[in-house]
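Me: I am new to this structure. Please take me through it and explain why each label is used.

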Amino acid sequence: MNKFQREVAITRNEPVARDTYALRVHFPELSAIVEPGQFVTMRVNDTLNPLLRRPYSVSRPIGDECEFLYYVIGKGTRILARKRVGDTVNILGPLGNSFGFNGDYETAVLVGGGIGVAPFPFLTSRLVDHGKKVVTFLGARTAEMVLSDNLVNLQVATDDGTAGFHGTVVDCMDDWFGAHSVAKPKIFSCGPTPMLAAVQSWSLGRGIPCELSLESEMACGFGICQGCPVEHRHAERTYALVCTDGPCFNAEDITFKRP
Ligand SMILES: Cc1cc2nc3c(=O)[nH]c(=O)nc-3n(C[C@H](O)[C@H](O)[C@H](O)COP(=O)(O)OP(=O)(O)OC[C@H]3O[C@@H](n4cnc5c(N)ncnc54)[C@H](O)[C@@H]3O)c2cc1C
Ligand code: FES
(Lines give C-alpha, C1' and ligand atoms only; values in the text may rest on other atoms or scores of the structure.)
(Ligands and ions follow the chains in the order given, each with its own letter.)
Protein backbone atom coordinates (compact mmCIF):
# COMPACT_ATOMS: atom_id res chain seq x y z
CA MET A 1 0.00 0.00 0.00
CA ASN A 2 1.18 3.54 -0.73
CA LYS A 3 2.50 5.64 2.12
CA PHE A 4 2.67 9.41 2.10
CA GLN A 5 4.87 11.75 4.07
CA ARG A 6 3.63 15.33 4.17
CA GLU A 7 3.94 18.49 6.22
CA VAL A 8 0.21 19.05 6.73
CA ALA A 9 -1.86 21.93 8.10
CA ILE A 10 -3.75 21.58 11.37
CA THR A 11 -7.46 22.44 11.08
CA ARG A 12 -8.52 21.53 14.66
CA ASN A 13 -6.60 21.00 17.89
CA GLU A 14 -8.72 21.24 21.03
CA PRO A 15 -9.39 19.41 24.28
CA VAL A 16 -12.19 16.83 24.22
CA ALA A 17 -11.64 15.26 27.67
CA ARG A 18 -9.19 15.64 30.55
CA ASP A 19 -5.62 15.77 29.07
CA THR A 20 -6.99 14.56 25.74
CA TYR A 21 -7.14 16.45 22.45
CA ALA A 22 -8.69 16.01 19.02
CA LEU A 23 -6.26 16.95 16.24
CA ARG A 24 -7.51 17.31 12.67
CA VAL A 25 -5.26 17.82 9.64
CA HIS A 26 -5.79 18.39 5.94
CA PHE A 27 -4.34 15.26 4.31
CA PRO A 28 -6.45 14.06 1.33
CA GLU A 29 -4.00 11.32 0.23
CA LEU A 30 -4.21 9.72 3.67
CA SER A 31 -7.96 10.07 4.19
CA ALA A 32 -8.58 8.46 0.75
CA ILE A 33 -6.82 5.17 1.53
CA VAL A 34 -6.53 4.69 5.30
CA GLU A 35 -8.37 1.72 6.88
CA PRO A 36 -9.64 1.38 10.48
CA GLY A 37 -6.86 0.32 12.86
CA GLN A 38 -4.03 1.78 10.77
CA PHE A 39 -1.81 4.44 12.24
CA VAL A 40 0.60 7.19 11.23
CA THR A 41 3.78 8.52 12.78
CA MET A 42 4.11 12.21 13.53
CA ARG A 43 7.10 14.46 13.89
CA VAL A 44 5.91 17.39 15.93
CA ASN A 45 8.97 19.62 15.51
CA ASP A 46 12.61 19.54 14.42
CA THR A 47 14.20 19.92 17.84
CA LEU A 48 12.72 16.81 19.44
CA ASN A 49 14.81 13.86 18.13
CA PRO A 50 13.58 13.92 14.52
CA LEU A 51 14.24 10.19 14.10
CA LEU A 52 11.76 9.36 16.83
CA ARG A 53 8.38 9.98 15.34
CA ARG A 54 5.33 9.19 17.51
CA PRO A 55 2.65 6.68 16.44
CA TYR A 56 -1.07 7.65 16.46
CA SER A 57 -4.13 5.76 15.22
CA VAL A 58 -6.34 7.48 12.70
CA SER A 59 -9.52 8.13 14.64
CA ARG A 60 -11.62 8.97 11.59
CA PRO A 61 -11.24 10.38 8.09
CA ILE A 62 -13.60 13.29 7.40
CA GLY A 63 -13.60 14.22 3.70
CA ASP A 64 -10.08 15.46 2.87
CA GLU A 65 -9.12 15.56 6.56
CA CYS A 66 -8.08 13.01 9.17
CA GLU A 67 -8.78 13.29 12.88
CA PHE A 68 -6.64 11.88 15.69
CA LEU A 69 -7.26 11.67 19.44
CA TYR A 70 -4.22 12.00 21.66
CA TYR A 71 -3.53 11.83 25.36
CA VAL A 72 -0.93 14.30 26.67
CA ILE A 73 1.67 12.11 28.36
CA GLY A 74 5.21 13.29 27.47
CA LYS A 75 7.39 15.65 25.46
CA GLY A 76 5.90 15.05 22.01
CA THR A 77 2.26 15.28 23.03
CA ARG A 78 2.94 18.42 25.15
CA ILE A 79 4.39 20.10 22.05
CA LEU A 80 1.44 18.90 19.98
CA ALA A 81 -1.07 20.32 22.48
CA ARG A 82 0.44 23.81 22.01
CA LYS A 83 -0.07 23.80 18.23
CA ARG A 84 -2.72 26.05 16.74
CA VAL A 85 -4.96 25.89 13.70
CA GLY A 86 -2.76 26.73 10.67
CA ASP A 87 0.44 25.32 12.23
CA THR A 88 1.83 22.19 10.60
CA VAL A 89 2.89 18.70 11.64
CA ASN A 90 4.86 16.13 9.62
CA ILE A 91 2.87 12.91 9.15
CA LEU A 92 3.86 9.59 7.57
CA GLY A 93 1.20 7.00 6.81
CA PRO A 94 -0.85 4.97 6.58
CA LEU A 95 1.17 2.35 8.47
CA GLY A 96 0.38 -1.12 9.79
CA ASN A 97 -2.59 -3.37 9.12
CA SER A 98 -6.29 -2.79 9.73
CA PHE A 99 -8.87 -4.53 11.90
CA GLY A 100 -10.40 -7.56 10.14
CA PHE A 101 -13.94 -6.21 10.20
CA ASN A 102 -15.24 -8.42 7.36
CA GLY A 103 -16.19 -11.98 8.19
CA ASP A 104 -18.74 -14.33 9.60
CA TYR A 105 -20.00 -12.65 12.75
CA GLU A 106 -23.04 -10.52 13.57
CA THR A 107 -22.17 -8.41 16.59
CA ALA A 108 -18.97 -6.39 16.83
CA VAL A 109 -18.03 -5.90 20.47
CA LEU A 110 -15.60 -2.98 20.81
CA VAL A 111 -13.58 -2.87 24.03
CA GLY A 112 -11.42 0.18 24.61
CA GLY A 113 -9.36 1.41 27.53
CA GLY A 114 -8.31 5.06 27.89
CA ILE A 115 -6.96 6.55 24.67
CA GLY A 116 -7.26 3.04 23.18
CA VAL A 117 -10.70 4.10 21.96
CA ALA A 118 -8.99 6.37 19.38
CA PRO A 119 -9.47 4.06 16.35
CA PHE A 120 -13.09 3.15 17.26
CA PRO A 121 -15.00 6.01 15.56
CA PHE A 122 -13.58 4.93 12.16
CA LEU A 123 -14.06 1.22 12.93
CA THR A 124 -17.65 1.88 14.05
CA SER A 125 -18.59 3.66 10.82
CA ARG A 126 -17.17 0.79 8.73
CA LEU A 127 -18.96 -1.82 10.85
CA VAL A 128 -22.26 0.02 10.53
CA ASP A 129 -21.72 0.30 6.74
CA HIS A 130 -21.19 -3.49 6.67
CA GLY A 131 -24.50 -4.08 8.49
CA LYS A 132 -22.95 -5.32 11.76
CA LYS A 133 -24.52 -4.71 15.16
CA VAL A 134 -22.10 -2.80 17.39
CA VAL A 135 -21.82 -2.60 21.17
CA THR A 136 -19.00 -0.52 22.66
CA PHE A 137 -17.41 -0.94 26.10
CA LEU A 138 -15.32 2.03 27.24
CA GLY A 139 -13.04 1.94 30.23
CA ALA A 140 -11.65 5.13 31.77
CA ARG A 141 -10.07 6.14 35.04
CA THR A 142 -12.80 8.67 35.81
CA ALA A 143 -15.85 10.32 34.20
CA GLU A 144 -13.86 13.32 32.90
CA MET A 145 -11.73 10.96 30.79
CA VAL A 146 -14.53 9.12 28.99
CA LEU A 147 -14.23 9.55 25.21
CA SER A 148 -17.63 8.72 23.75
CA ASP A 149 -17.95 10.92 20.62
CA ASN A 150 -18.85 9.14 17.37
CA LEU A 151 -19.38 5.78 19.09
CA VAL A 152 -22.61 3.79 19.40
CA ASN A 153 -24.42 1.62 21.96
CA LEU A 154 -22.10 2.58 24.81
CA GLN A 155 -21.40 0.78 28.08
CA VAL A 156 -19.05 2.84 30.25
CA ALA A 157 -16.87 1.60 33.10
CA THR A 158 -14.78 3.85 35.36
CA ASP A 159 -12.16 2.85 37.91
CA ASP A 160 -13.59 5.30 40.48
CA GLY A 161 -17.28 4.71 39.74
CA THR A 162 -17.94 8.34 38.69
CA ALA A 163 -19.67 7.17 35.49
CA GLY A 164 -21.32 3.88 34.53
CA PHE A 165 -20.07 0.57 35.90
CA HIS A 166 -17.70 0.83 38.87
CA GLY A 167 -14.76 -1.42 37.94
CA THR A 168 -12.80 -2.62 34.95
CA VAL A 169 -14.12 -2.62 31.43
CA VAL A 170 -13.65 -6.41 31.26
CA ASP A 171 -15.81 -6.93 34.37
CA CYS A 172 -18.36 -4.57 32.81
CA MET A 173 -18.40 -6.64 29.62
CA ASP A 174 -18.65 -9.88 31.60
CA ASP A 175 -21.69 -8.53 33.50
CA TRP A 176 -23.32 -7.34 30.30
CA PHE A 177 -22.80 -10.66 28.50
CA GLY A 178 -24.34 -12.39 31.53
CA ALA A 179 -27.52 -10.32 31.10
CA HIS A 180 -27.84 -10.23 27.28
CA SER A 181 -27.83 -12.79 24.52
CA VAL A 182 -25.35 -11.66 21.87
CA ALA A 183 -25.68 -12.98 18.32
CA LYS A 184 -22.36 -14.32 16.89
CA PRO A 185 -19.98 -11.87 18.60
CA LYS A 186 -16.48 -10.84 17.58
CA ILE A 187 -14.38 -8.67 19.87
CA PHE A 188 -12.15 -5.79 18.75
CA SER A 189 -10.01 -4.32 21.50
CA CYS A 190 -7.45 -1.54 21.89
CA GLY A 191 -5.91 -0.14 25.04
CA PRO A 192 -3.20 -0.72 27.61
CA THR A 193 -1.46 -4.10 27.59
CA PRO A 194 -2.86 -5.39 30.94
CA MET A 195 -6.38 -4.71 29.67
CA LEU A 196 -5.63 -6.45 26.35
CA ALA A 197 -4.29 -9.48 28.23
CA ALA A 198 -7.52 -9.62 30.26
CA VAL A 199 -9.67 -9.30 27.12
CA GLN A 200 -7.60 -12.04 25.46
CA SER A 201 -8.06 -14.41 28.36
CA TRP A 202 -11.82 -13.63 28.61
CA SER A 203 -12.48 -14.16 24.89
CA LEU A 204 -10.30 -17.26 24.45
CA GLY A 205 -11.93 -18.82 27.53
CA ARG A 206 -15.33 -18.45 25.84
CA GLY A 207 -14.28 -19.30 22.27
CA ILE A 208 -15.21 -15.81 21.04
CA PRO A 209 -13.08 -14.54 18.12
CA CYS A 210 -11.07 -11.51 19.12
CA GLU A 211 -8.64 -9.04 17.61
CA LEU A 212 -6.30 -6.93 19.68
CA SER A 213 -4.63 -3.71 18.58
CA LEU A 214 -1.33 -3.75 20.48
CA GLU A 215 0.61 -0.87 21.92
CA SER A 216 4.38 -0.74 21.70
CA GLU A 217 7.03 1.92 21.82
CA MET A 218 8.19 2.49 18.25
CA ALA A 219 11.30 4.08 16.76
CA CYS A 220 10.91 3.72 12.97
CA GLY A 221 7.28 2.57 12.56
CA PHE A 222 7.94 0.58 9.37
CA GLY A 223 9.93 -2.57 10.14
CA ILE A 224 13.56 -1.40 10.10
CA CYS A 225 14.66 -1.02 13.72
CA GLN A 226 13.08 -4.31 15.00
CA GLY A 227 12.16 -2.35 18.11
CA CYS A 228 8.53 -3.47 18.48
CA PRO A 229 8.57 -7.30 18.70
CA VAL A 230 5.71 -9.35 20.13
CA GLU A 231 5.74 -13.11 20.69
CA HIS A 232 3.59 -14.67 17.98
CA ARG A 233 2.61 -18.36 17.65
CA HIS A 234 2.57 -18.52 13.85
CA ALA A 235 5.24 -16.07 12.73
CA GLU A 236 8.23 -17.75 11.01
CA ARG A 237 10.66 -16.06 13.37
CA THR A 238 8.51 -16.71 16.53
CA TYR A 239 7.91 -13.01 16.93
CA ALA A 240 6.04 -10.43 14.90
CA LEU A 241 6.54 -6.69 14.61
CA VAL A 242 3.74 -4.53 15.94
CA CYS A 243 4.40 -1.81 13.33
CA THR A 244 4.29 -3.93 10.16
CA ASP A 245 2.61 -7.25 11.06
CA GLY A 246 0.16 -5.41 13.33
CA PRO A 247 -0.88 -3.43 15.24
CA CYS A 248 -4.01 -5.65 14.92
CA PHE A 249 -3.53 -9.35 15.75
CA ASN A 250 -5.77 -12.34 16.40
CA ALA A 251 -5.87 -12.78 20.17
CA GLU A 252 -5.00 -16.48 19.93
CA ASP A 253 -1.71 -15.72 18.13
CA ILE A 254 -0.20 -13.43 20.75
CA THR A 255 1.65 -14.26 23.96
CA PHE A 256 2.02 -11.37 26.36
CA LYS A 257 5.17 -11.23 28.47
CA ARG A 258 4.51 -11.69 32.17
CA PRO A 259 5.16 -8.51 34.17
C1 LIG B 1 0.11 1.73 16.87
C2 LIG B 1 0.00 2.79 17.95
C3 LIG B 1 -1.05 3.68 17.91
C4 LIG B 1 -1.15 4.67 18.90
N5 LIG B 1 -2.23 5.52 18.84
C6 LIG B 1 -2.34 6.48 19.76
C7 LIG B 1 -3.42 7.39 19.68
O8 LIG B 1 -4.28 7.32 18.79
N9 LIG B 1 -3.48 8.37 20.63
C10 LIG B 1 -2.54 8.48 21.64
O11 LIG B 1 -2.62 9.39 22.47
N12 LIG B 1 -1.51 7.62 21.74
C13 LIG B 1 -1.39 6.63 20.81
N14 LIG B 1 -0.32 5.77 20.89
C15 LIG B 1 0.67 5.97 21.96
C16 LIG B 1 1.53 7.18 21.60
O17 LIG B 1 2.35 6.87 20.50
C18 LIG B 1 2.40 7.62 22.77
O19 LIG B 1 1.57 7.99 23.84
C20 LIG B 1 3.24 8.80 22.35
O21 LIG B 1 4.28 8.34 21.53
C22 LIG B 1 3.79 9.56 23.51
O23 LIG B 1 4.67 10.54 23.00
P24 LIG B 1 5.29 11.63 23.96
O25 LIG B 1 6.45 12.25 23.25
O26 LIG B 1 4.22 12.57 24.44
O27 LIG B 1 5.74 10.78 25.19
P28 LIG B 1 7.23 10.34 25.57
O29 LIG B 1 7.90 11.50 26.25
O30 LIG B 1 7.91 9.71 24.39
O31 LIG B 1 6.87 9.21 26.61
C32 LIG B 1 6.06 9.48 27.78
C33 LIG B 1 5.69 8.17 28.43
O34 LIG B 1 4.83 7.42 27.54
C35 LIG B 1 5.39 6.12 27.32
N36 LIG B 1 5.14 5.76 25.93
C37 LIG B 1 5.68 6.34 24.84
N38 LIG B 1 5.24 5.75 23.72
C39 LIG B 1 4.41 4.76 24.11
C40 LIG B 1 3.67 3.77 23.43
N41 LIG B 1 3.67 3.68 22.10
N42 LIG B 1 2.91 2.93 24.17
C43 LIG B 1 2.91 3.00 25.50
N44 LIG B 1 3.61 3.90 26.21
C45 LIG B 1 4.34 4.76 25.53
C46 LIG B 1 6.88 6.28 27.61
O47 LIG B 1 7.46 5.05 28.03
C48 LIG B 1 6.87 7.27 28.76
O49 LIG B 1 6.61 6.65 29.98
C50 LIG B 1 -0.19 4.76 19.94
C51 LIG B 1 0.86 3.86 19.97
C52 LIG B 1 0.96 2.87 18.99
C53 LIG B 1 2.08 1.90 19.05
S1 FES C 1 9.13 0.37 15.16
FE2 FES C 1 10.90 -0.12 14.03
S3 FES C 1 10.51 -2.20 13.50
FE4 FES C 1 8.68 -1.60 14.47
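**Around the ligand**

Reply: Arg-54, Gly-74, Gly-76, Thr-77 and Ala-118 come nearest to ligand 1, out of the 21 residues around it. The model is a predicted one.

Me: What makes a residue count as near ligand 1?

Reply: The cut-off is a C-beta atom, placed from the backbone, within 6 Å of the molecule. The shell of 21 residues around ligand 1 includes Gly-76 and Thr-77. Elements that each supply at least two residues of this shell are β4 (54-57), β6 and α2 (75-81).

Me: How does the shell around ligand 1 divide into nonpolar, polar and charged residues?

Reply: Twelve are nonpolar, five polar and four charged. Arg counts as charged, Ala as nonpolar, and Thr and Gly as polar.

**Two domains**

Me: How do you know which parts of the two domains are in contact?

Reply: The protein is divided into domain 1 (4-95) and domain 2 (107-213). Contact requires C-beta atoms within 7 Å of each other, and 15 residues of domain 1 are in contact with 16 residues of domain 2. On the domain 1 side, β1 (4-17), β5 (60-62) and β6 (65-71) each give at least two residues. The most come from β6, with four residues. This side of domain 1 consists of nine nonpolar, four polar and two charged residues. Between the domain centres, taken over C-alpha atoms, the separation is 24 Å.

**One helix**

Me: Why are the buried residues of α4 said to line one face of the helix?

Reply: Buried requires 20 or more other C-beta atoms within 10 Å of the residue's own. In α4 (residues 169-179), Val-169, Val-170, Cys-172 and Met-173 are buried. Seen down the helix axis, the buried residues of α4 fall within an arc of 155 degrees, so they line one face. On the other side of α4, Gly-178 and Ala-179 are exposed, a term for 12 or fewer such atoms.

Me: What covers the buried residues of α4?

Reply: The cover includes the strands β8 (107-113), β9 (133-140), β10 (154-158) and β11 (165-166), together with helix α5 (193-206).

**One sheet**

Me: What makes β14 and β15 a pair?

Reply: Pairing takes at least two bridges. Three bridges join β14 (residues 229-232) to β15, and the two strands run antiparallel, so the condition is met. Val-230 has Ala-240 in β15 as its bridge partner.

Me: Why are β15 and β17 called edge strands?

Reply: The open sheet has three strands in the order β15-β14-β17, with antiparallel pairing. Both β15 (239-241) and β17 (254-255) pair on one side only.

Methods. Residues are numbered from 1 along each chain as its sequence is written. Chains are lettered from A and ligands numbered from 1 in the order in which they are written. This is a predicted model: local features need pLDDT of at least 70, side-chain atom pairs count only at pLDDT 80 or more; totals for chains, interfaces and linings use all residues. Domain bounds come from an automatic or database domain assignment. The arc is that of the directions from the helix axis to the C-beta atoms.
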